[in-house]
Amino acid sequence: MKIGLITTRKAPGREGSVMIEVADQLAHRGHSFESIYPEDSLIDLARVKIEYDLYLLKAGTPAALAYAGVLDLAGARILNPYPVVMQMKDKVLASRILADASVLAPEAFIASDARHFSPLLAEGPLVIKPYLGGSQGRGVQIIRTIVELDSIGSEQDLMFAQRYHQPEGRDHKIYRIGDELFGVRRVWPARTLEDKLGEPFELTPAMKQITTLCGDAFGIDLYGLDIVVSDDREYVVDINTFPGFKGVSGAGRLLADYITRVLDRQGS
Amino acid sequence: MKLFFMVVRRVPPVPSPILVEAYDLLRKRGYEVGESIAEEVLTGCDEIEADQDMYILKSHTELSLGLAGVLYTRGARLLNPYPSCALTQNKIIVSRLLREAGIPAPSTWVTGDLSLLKDLASKMQLIIKPYMGHRGAGIVKVNHPDDLAAMTAPDYPVIVQEFIPGSGEDLKVYVVGDQVFGVQKPFSETSFAVPGRPVDISEEVRDISRRVGKACGLGLYGLDIIEGPSGPFVVDVNYFPGYKGVPDAARMIADYIDGYAQGEFELKSPAPEPARAEAAAD
């Protein structure tokens, strides 16, 4: 079967090693695997048609999401499903969906201007994030003072803030591929490749439960979570569709297995 | 019954006379009417509750749409339906919906890289606009491939449409339910603020306009039409437009909202429901 990976063009040598392995594994099983780059394509909307049995929506850029939206309307199979990806990209909606599923997450706020957040600083620092998109920590800032807040102003149409919880130790990433859960501890911000790979850790029963709750809330089982442990409580600070799975041993093969299962299901 | 209007900050900050009149009419019929401007407040995501009987989304800002999305997932009734509004803001999706419904629209492309348009621009004049947005903001006409070099690289994908030569005036069509009105005004980036001249519209445009509402799942909406040599083309669709220049607009809008609130009719969104999404977990 034909699999299309909706992605962004990486500098040579910067391609995600996990996806390269996935492509290899799928090729061994007789599937074709091609990359699609909506960013540097000219898409004729009259001619968009479904060319792959399954699309993997890896990139979260506006062009990738727009392209996936058109494919979804046309009835394409997309992993993760496009409507779910859009819910997860919308931080306000995502944080509310998680809260409704009894997932512990930092208090979250939105405003059109960062200065609207200033009364919140009296109770402690905030983490400011771009509302839509943003990944790998891009655009994330910890704000402690009104002066810092003023320096952000209204750079964007929409600002999203979370209450900052001082993490104990490194950032915790949890990845889920089907029924398999993986924990990776990582320093933030990650600077070297070693930083990015992080170090595997054993998930506590509480973390496993949180992870399952998050997936159930969105109806998916392929995602990543960012968890901050603070005052012995585990806060879900972000949920990502189709993360890089860096540091997960055997991720390429597990993903290929997972994709094969999805393909088999669709074929039946 | 409590109605809540999600409106936008206006410049200058005076309320829209059409809305003020519509509120008044609705109150006389026994509705409680409230409104807010999302941009003027700080919203705690956990505080958003669907405690009104119906929300009317008038604002097109990202913040208002975000809030509307939360209200929608919490079971609130919205007019126009939230999925219809979210789709209509995305011109890529709209173009595709119109095409599927067989509604005449210009040839449309999407790209993030303007240099890929050189071939197209040497064959035809192009209109470039942001894929999200409304009110004509950021629209550029490309007459010649060289014009592309002078443009700044876009941060977001752009919609590229074949330029359809018309009369130089936009036909703005405003729709309330199945009532269709046309006003004509010279095209400009700020033309949304200018009331047009009411004009008679053809049966063809009337029919196209109603089909656009069905295709997009909208009941209160507007469209921009260019009457080209080969007939009318829909170049833009917006939910809940300003209705400037439409005679008796406030009463019609109030009637429509009243009827919708009472469940006299429904609107069907083309949006794929998240529930439809194949749950991968099993």
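Q: Is Asp232(A) buried or exposed?
A: Asp232(A) is exposed, because just 7 other C-beta atoms sit within 10 Å. The cut-offs: 20 or more other C-beta atoms within 10 Å of a residue's own makes it buried, 12 or fewer makes it exposed, and in between is partly exposed, with C-beta atoms placed from the backbone.

Q: And what sort of model and numbering is this?
A: This is a predicted model, where local features need pLDDT of at least 70 and side-chain atom pairs count only at pLDDT 80 or more, while totals for chains, interfaces and linings use all residues. Residues are numbered from 1 along each chain as its sequence is written, and chains are lettered from A and ligands numbered from 1 in the order in which they are written.

Q: Back to Asp232(A): where is it?
A: In chain A, Asp232(A) belongs to the loop between strand 13 (222–230) and strand 14 (233–241). Helices (H or I, at least four residues) and strands (E, at least two) are DSSP runs, numbered from the N terminus.

Q: What's its phi?
A: Near 65 degrees, which is positive in a residue other than glycine.

Q: What about Phe245(A), what's the phi there?
A: About 55 degrees, so again a positive phi, and Phe245(A) is not a glycine.

Q: Is Phe245(A) buried or exposed?
A: Buried, because Phe245(A) has 26 C-beta neighbours inside 10 Å. Phe245(A) is in the loop between strand 14 and helix 8 (251–267) of chain A.

Q: Which peptide bond leads into Asn80(A), cis or trans?
A: The bond from Leu79(A) to Asn80(A) is cis, with omega near -10 degrees. Asn80(A) is in the loop between strand 5 (78–79) and helix 3 (82–89) of chain A.

Q: And in chain B, what's omega from Leu79(B) to Asn80(B)?
A: Near -15 degrees, and that bond is cis. Asn80(B) sits in the loop between strand 5 (78–79) and helix 3 (82–89) of chain B.

Q: How many residues of helix 3 of chain A are buried?
A: Seven of the eight, so that helix is largely enclosed by the rest of the structure. The buried ones are Tyr82(A), Pro83(A), Val84(A), Val85(A), Met86(A), Gln87(A) and Met88(A).

Q: What do they pack against?
A: In chain A, the buried residues of helix 3 pack against elements including strand 4 (54–57), helix 2 (62–73) and helix 7 (205–218). Contact between two residues means that their C-beta atoms, placed from the backbone, lie within 7 Å.

Q: Over to chain B. At what angle do helix 2 and helix 3 of chain B cross?
A: Roughly 150 degrees, with the axes of helix 2 and helix 3 of chain B coming within 10 Å. Axes are lines fitted to C-alpha atoms, for helices over the stretch in contact, and angles run from 0 to 180 degrees between N-to-C directions. That crossing makes helix 2 of chain B roughly antiparallel to helix 3 of chain B; under 35 degrees counts as roughly parallel, over 145 as roughly antiparallel, 65 to 115 as roughly perpendicular and the rest as oblique.

Q: Which residues meet there?
A: Leu65(B), Ala68(B), Gly69(B) and Tyr72(B) from helix 2 of chain B meet Tyr82(B), Cys85(B), Ala86(B) and Gln89(B) from helix 3 of chain B. This contact between helix 2 and helix 3 of chain B has six nonpolar, two polar and no charged residues. For the classes, Ala, Val, Leu, Ile, Met, Phe, Trp, Tyr, Cys and Pro are nonpolar, Asp, Glu, Lys and Arg charged, and the others, Gly among them, polar.

Q: How do helix 1 and helix 8 of chain B cross?
A: The axes of helix 1 (residues 17–28) and helix 8 (residues 249–261) of chain B come within 8 Å and cross at roughly 50 degrees. That makes helix 1 of chain B oblique to helix 8 of chain B. The contact of these two helices of chain B holds nine nonpolar, no polar and three charged residues.

Q: Last one: how many residues make up the contact of the two chains?
A: Chain B gives 39 residues and chain A gives 44 residues. On the side of chain B that touches chain A, helix 2 of chain B has the largest share, six residues. The residues on that side of chain B are 20 nonpolar, 12 polar and seven charged.
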